[in-house]
Amino acid sequence: LLHVERNQPQFDRLENLYLDHNSIVTLNLSTSHTLNNLKLSHNDWDCNSLRALFINVAQPVVDDADQHCKIDYQLEHGLCCKECDNPYLDRLLQYIALTSVAEKLQRTQGRCSTADAINSLQSLYHFITQQGVVELQGNLQLEAEVNELRTAVQQLTIEQIQQQQLLARLQAEIDTNLQRYHLPKDELARPSDSLNKLFTHLRERH
């Protein structure tokens, strides 16, 4: 579970609610909730959301707690949370950063292409665009974050396309030099291998 804000009417009518061990960032409960037992540990809480939640939820109702927090997280009412102005944007940028590191590693190992990176970004942009069609139930903060996400993903997509175009030009330059020096081109070889072949040939000439 990640986003449960729309479930508040259902949650308010429950007596027991177990939301521990998920990836929930924010949670809303009304002052008229009927909960007697609530588990919230091991999530990805936003600190401001937790403070607002505990205004309406008495501490005895929450009967579990986190023991250790990740870097950049702190304990608030016994639960790990992160301080940030835009919690969903923060999590998305963190996800993009982790994805970027993973894709760079895959590219160095020959298991990922620039096209793969662009496709993943376009899929993310499509998801956010679709979410924008859905009514956000008056959540102005979430609506503002979705708009920021669209802008961030659009910019990242443009940068990836520019990198793809640069890579295509460099590959064309490598092919031109292979022909210039009458070197055979291996269609299955990576551009870096072809470039090394060129460098080796030039060193041997001198």
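In this predicted model, W45 sits opposite C81 of strand β5. The pairing behind that match is parallel: strand β3, residues 45-46, is joined to β5 by two bridges. On β5's other partnership, the sense flips. Strand β4, residues 74-76, pairs with β5 in the antiparallel sense, this time over three bridges, and within that pairing E76 has L79 of β5 as its bridge partner. The β4 and β5 strands make up a hairpin with two residues between them. One residue of the turn, H77, takes a positive phi of about 55°.

What about the side chains of β5 itself? In a regular strand, side chains alternate between the two faces of the sheet. Here L79 and C81 point one way from β5, while C80 and K82 point the other way. As for burial, L79, C80, C81 and K82 are all buried, the lysine included.

Turning to the nonpolar core, the largest one has 20 residues. W45 turns up again here, being among the residues with the most contacts inside this core, along with L27, L38 and L40. Both α2 (47-56) and β5 (79-82) supply at least two residues each, and the largest share, four residues, comes from α2. As a general matter, nonpolar side chains tend to be buried together in soluble globular proteins.

L38 deserves a second look. Setting aside neighbours within four places in sequence, L38 is in contact with L17, L29, V57, V61, V62, D63 and D64. That list mixes leucines and valines with two aspartates, D63 and D64.

Next come two serines, starting with S30, which lies in the loop between β1 (16-18) and β2 (37-39). Is S30 buried or exposed? Its relative accessibility is 15%, and because the cut-off for buried is under 20%, S30 counts as buried. The side chain of S30 makes a polar contact of 2.9 Å with the side chain of D12. Apart from neighbours within four places in sequence, S30 is in contact with D12, Q8 and N56.

The other serine, S192, belongs to helix α6, residues 191-205. With a relative accessibility of 37%, S192 falls between the limits of 20% and 50%, so S192 counts as partly exposed. Between the C-alpha atoms of S192 and Q171 the separation is 9.1 Å, with the two residues 21 residues apart along the chain.

Terms used: Residues numbered from 1 in each chain as written. Predicted model: local features only at pLDDT ≥ 70, side-chain atom pairs only at ≥ 80, totals over all residues. Heavy atoms only, no water. Core = buried A, V, L, I, M, F, W, Y, C linked by side-chain atoms within 4.5 Å. Buried < 20%, exposed > 50% of the residue type's maximum accessible area, 1.4 Å probe, protein only. Contact = heavy atoms within 4.5 Å. Pairing = 2+ DSSP bridges. Polar contact = N/O pair within 3.5 Å; in protein donor to acceptor, adjacent residues only side chain to side chain.
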